[in-house]
Structures are given as structure tokens and as C-alpha cells.
Amino acid sequence: MCGIIGYNGNKNAIPIVIDGLKNLEYRGYDSSGIAYFHNEKIKIIKEKGRISELEKILDDDTPNLCIGHTRWATHGKPSKVNSHPHKSGEITIVHNGIIENYASLKEDLIKEGYTFLSETDTEVAAAMIDYLYSKDNDKLKVLEKLEDILRGSYALLILFRDDPDNIYALRKGSPLIVAKSKTGNLVASDIPAILDYTKDYYLLDENDIAIIGKNDIKFFKDGKEITKNLLTFEFDISSAKKDGYKHYMLKEIYEQPKVIRNYLDHYLNNMDLIPDLSVYEKVHIVACGSAYHAGLIGNYLFEEYGDMEVTCYVASEYRYKKNFINDKTLVILISQSGETADTIASLRLAKEKGAKTLGIVNVVGSTIARESDQVIYINAGCEIAVATTKAYTLQVLTLSLCAYKLGIIKGKIDKNRELELKKSYYNLSKEIEEVLNFDYKKYAKRIAKSKNAFFIGRLIDYYICEEGSLKLKEISYIHSETYPAGELKHGTISLIEENTPVIAVITDKKIAEKTISNIKEVRARGAYTLILKNKDIEISPDIYDDVMEIEELNDLVSSILTIVPLQMLAYHVADSLGYDIDKPRNLAKSVTVE
Ligand code: G6P
């Protein structure tokens, strides 16, 4: 949440910072601002709304050093006064994260004579740095003290009015990278902000401090200068670009065949990289949002192929409930960003209780990746659209490979079946390419007319529906709910009216008949019924309005195919309604608050 960037180099810093902010806009987009040195003072320009609004009020200055921020509001509504940068005395800062004890710090600072313009925790942090600096003129010492004073998570970029040559940066909890390019040095929340200039970057660790000069970058920890390893972004830079697609979401949906192929080439040929779950007594899967929905499928597959006790939890619940875990439990944390606050807290709790932890993560070097005992990188490349697609698919694929390995170890998958399954995994990309060609617009038009929609399915189909429904509601703002197909009649069927869309997923032959009966029930009450089913499940055309058919695949593989038409459907509904698909209202991609 919130994107921050700073540049210090030979070029005009303003367009570099503005472009960087645009590349970070997926982290938050309700207001933005920049700060730079001008006539020995610090000039701040900020505005409510998208970065395009900020661009309208920029001045013609050409500073070589600038910091910027794009906000996802937490403390105080989106407004000009609450947007960053914030200034107090000698200090100007931008911040990503939350200062939990800001209220008590604010009271203390008011007693010291400080006044505040905004409702933000960030302005309090600026004032606290200013206060500490007024007592001790040693910048590094002041920044080190913050670790003991500020509770919560933060990545901060700081300008001291008396030092126009440097940007000061530090992190605790929220991510920050520093990069060296040919024309200057950069500091940012995430990789997409720097990729136009360089692929090489340093990752700041907890409580690291960086001083970013025009020519050199210095790192400090515990009062001592340290050296850090230069890392390289391994993926194709185009993974962070729109490449001619109307939206990032569409581009990322279309990228799925390729990222799946690359993923399988890597992992299916190196199965020792996939952990053996059979050594644990039980498995907990913990995640938020779509990653939780991926976890539900993992839960089902581990039970099926491992005959073991598995439970999938939403991280914001898991961390507060009673959990019976010990050193024989594996806790799997799934997270695209690797920075989701509740998932990180669950990871730390699991470790405290002695459980083993496995992170399934996309962003290399993120907190969950670094703190888990073992990590599997899903290698999706940059995912920019707020609504996840390719990362979700690769999370499911990772869980599927864990179940596949479990099935082989437990003797549930024999040699012949193993080879058959391997083939199915490799066919997956081709099948996805097929379903991308369906004519989604005609179904989307009907669904777009409704205020409500329902998704139904049983077992694995139900878990896929959870994700399909989330995709639809998050980008089209159509209220959408998912039900296990048999449950709809226990109350919710009262909401079915003439033309209410009910989307039914049927890929599991064993229980197809049961879901078919449920479709009849809603159609009899006027619903518009759209079925997504396997080609070889026979359903009489009289019982539904529309159908999408996909190839039959084994349950280890099928969900990865089944989700794609639902992603496309959600996309086309939102597109037909003209919404800003990559930046849905009120959402942010990386949720670093609890
Ligand atoms: C946000 C995103 C979702 C994502 C969830 C968990 O809500 O909008 O797309 O599934 O966070 O994020 P993570 O980075 O932990 O997978």
C-alpha cells in the first residue's frame, strides 16, 4: 500500500519520479505528491486523485533530486492536506506503512510545541524526526533512534532541509529497494519503479538505513556502514509493461500459458524443489484474498492425495485464534507480494510456536520469502493489475505440484498415472490458449445488466467459484456471492429474480448431477444460467441459457484451466461497464496494513 520513490542524479528528477509513481500506482492511487529542493527550501506539490491530477499542477523546475508518493489512505480521508509528502520543521518525508503509536507520539509532540495540519500518522513521524534532530544534530543517530520510537511498519524517504545533496531512506516492515543507474540513483517501494533505468538493485533489510547521494549510495546498520549484495531482476522487463493491451489485467491473463510453461519447465523437472508434505502430521494453509482461494484448492488436493489433516485459514483470523500447531505442523503462507501484513504476522506466530513454514511467494526477497523456513517462488514476473490472475494460477499450480508429489509418495499415483499427469500439466498452456478465444462479450453483456450475481459449484468447483466471484465483484462492482451448489436453497435462493445471473461450474463428474439439479432450481425461478463445464459432462440444453465448455483434465490440473474463463468473464463485464479495471475503487494490490 502506498508507493514511494526517490531519485538523485544528473537528470531532471521530476519526470523520473512522476513516471516511477505511475509504475507504482497499483499500490494506491487516491492522491500523490512530490518534494524537492528549490532556492534552499523544500518545495512540496501534492494533489488529491490520480497522478494525472498532480501532473496538471507541476511547476517548470528541474531539480536533480526529488521524492514522491502515491497514497492508499489509512489515516485520514483522501485529500490534498492528508497526501504526502509531509513536512515538519526541517524535515520532509514520504511514508509507506502505518505508525501504530502515532496518537500517543502526537500528544507528546504537541506538548513540545508541534502543531499538525493533517490527520496522518506520517506527519507525526516527520515531527518526531524533526524533534530528535533538534536535540542531536547527528542525522544517522536520529534515524537509528526511530527503530525504538516508532511502532508499526514503515518505509521512509527523508529530506533534511540542511542537506540538499542526499535522500535518507530506512525501512522496518515495509519494502524498499535502492538502485544504481547510469544517470543517477533511485530508491523505491518496488521493482517496476526502476525498470526503465536499471535491472540492478539492492534490497534493504529490516532497520537498514541508506543515504542516497548523486554518485554514491551508503548503507548502515546498527551505526556501522555495511556493504550489500547487488541483485538483478531476472524477468523480462516487459512483464512490468502493458505491451499494447488495453489493461494490465488482460495482459496478465494472456501471459498465463507462457508463465505456466516456464514454471513447469523449472519445477516439474526439479521436483526436489517441491517439499515432501508427508513428513508432517498436519498442514495449515494461511493467506488473504485470492491467495486464500488458491489455498482452498490446495486444502482439497492435499486431503485427496495425501490423506492428511489440512485446514486453510484467512490470515487475519488465523493470527488471533487458538491454533494447535507444533514442530510436526507445516504452515504454508501464500502471498503474491510477500508483504501482506496479516500473512506476515501468521508466519511469525507459526514460527514462534515451533511449526515449520513454507512461503509460496512471487516477489523475490519479500518479507515472507525471507522469513519462511523454505520458499517456493512462483516466478510470475511483475503483476501490476490489482486483481490478481497469473499469480493466483501459479499459486494453485504450486499447490497442485505439492499434492502431485504427495500422491506419488503416498502411493496414490502410480508410475503410469504419474506420466499421464505430467502430460496433462504440459497440455495446460495449450488448453488455456484455447479458452482465451471464447466469445466472452456476449455473456458479459447479460451479466453487466445485473446488480447481483451468484456462483455455484461443489468441492473443487466451489473453490474456483470463490475466486471467479471475487474477480467479478472487485472490478465490476456487481455484488456477487459464491455458494456450495447445495446450499443456495437454504436462504439465498430468495434473492433469485428474473435474469439474476447464476454461474455454475461443473468439472467434477462424480457430483455433476447434483449441481445440475441446483441449476434447474434457480432457472425455475427466473435466473439467467451460465454453465462452465467439461466437454464430456452431458447436460441437456433445456436446463441452461448459455454454456462454456473446456477440456476434461485431472483434478490436479483442471482448476488451473477452469479459472481462466471466469477471469475473462469478469474482465469483459467490467470493460463493458467502462471501469478502470487495473485500479478498482478502494483497493490496493499489496495490503501492508492489518
Ligand atoms: C489484496 C489484493 C488481492 C490479493 C490479496 C493478498 O487484497 O488485491 O489480489 O489476493 O491482497 O495479497 P498477497 O500479496 O498476499 O497475495
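Tyrosine 477 comes out as partly exposed, since its relative accessible area is 23% (buried is under 20%, exposed over 50% and partly exposed in between, with a 1.4 Å probe and protein chains only). The model here is predicted, so local features need pLDDT of at least 70 and side-chain atom pairs count only at pLDDT 80 or more, while totals for chains, interfaces and linings use all residues. Residues are numbered from 1 along each chain as its sequence is written, and side-chain values use heavy atoms, with hydrogens and water left out.

Back to the rings. The whole structure yields twelve aromatic pairs; rings of Phe, Tyr and Trp (its six-membered ring) pair if their centres lie within 6.5 Å, with planes under 30 degrees apart counted as stacked, over 60 as edge-to-face and the rest as tilted. One of these joins tyrosine 245 and tyrosine 254, a tilted pair because the ring centres are 5.7 Å apart and the planes meet at 40 degrees. Tyrosine 245 is partly exposed at 31% relative accessibility, and tyrosine 254 is partly exposed at 33%. Tyrosine 477 pairs with tyrosine 579, and this pair is tilted too, with centres 4.6 Å apart and planes at 55 degrees. That contact ties together distant parts of the chain, 102 residues apart: tyrosine 477 sits in the loop between H15 and strand S22 (479-484), and tyrosine 579 in the segment after helix H17 (555-576). Helices (H or I, at least four residues) and strands (E, at least two) are DSSP runs numbered from the N terminus. Tyrosine 579 is partly exposed, at 31%.

Tyrosine 477 also has a charge for company: the charged end of arginine 585 sits over its ring, 4.0 Å from the centre (NZ of Lys or CZ of Arg within 6 Å of the ring centre and within 35 degrees of the ring normal). Elsewhere, ring pairs link Tyr133, Phe160 and Tyr168 into a cluster, and the charged end of lysine 139 sits over the ring of phenylalanine 160 at 5.3 Å from its centre.

Now for the empty space. The largest pocket holds about 670 Å³. On a 1 Å grid over the protein atoms alone, a pocket is an open set of points where a 1.4 Å probe fits, with protein on both sides within 12 Å along at least five of seven lines, and lining residues have an atom within 4 Å of a point. Of its 31 lining residues, Cys288, Gly289, Ser290, Lys589 and Val591 are the closest to the centre of the largest pocket. Two or more lining residues come from each of helix H8 (289-306), strand S18 (329-335), helix H10 (341-352) and helix H15 (460-476), and H8 gives the largest share, five residues. The lining splits into 14 nonpolar, twelve polar and five charged residues. Domain 2 (241-435) and domain 3 (438-583) both contribute to this lining, so the largest pocket lies between them.

The second largest pocket has a volume of about 490 Å³. It is lined by 31 residues, and Asp190, Ile191, Asn362, Val363 and Val364 lie nearest its centre. The lining has 14 nonpolar, ten polar and seven charged residues. Since domain 1 (3-233) and domain 2 (241-435) both give residues to it, the second largest pocket lies between those two domains.

Finally, serine 337 is found in the loop between S18 and H10 and is buried, at 9% relative accessible area. Its C-alpha atom is 9.6 Å from that of threonine 592, 255 residues apart along the chain.

Key:
Points joined across faces, edges and corners; volume = space filled by probe spheres on them. Nonpolar A, V, L, I, M, F, W, Y, C, P; charged D, E, K, R; others polar. Domains from an automatic or database assignment.
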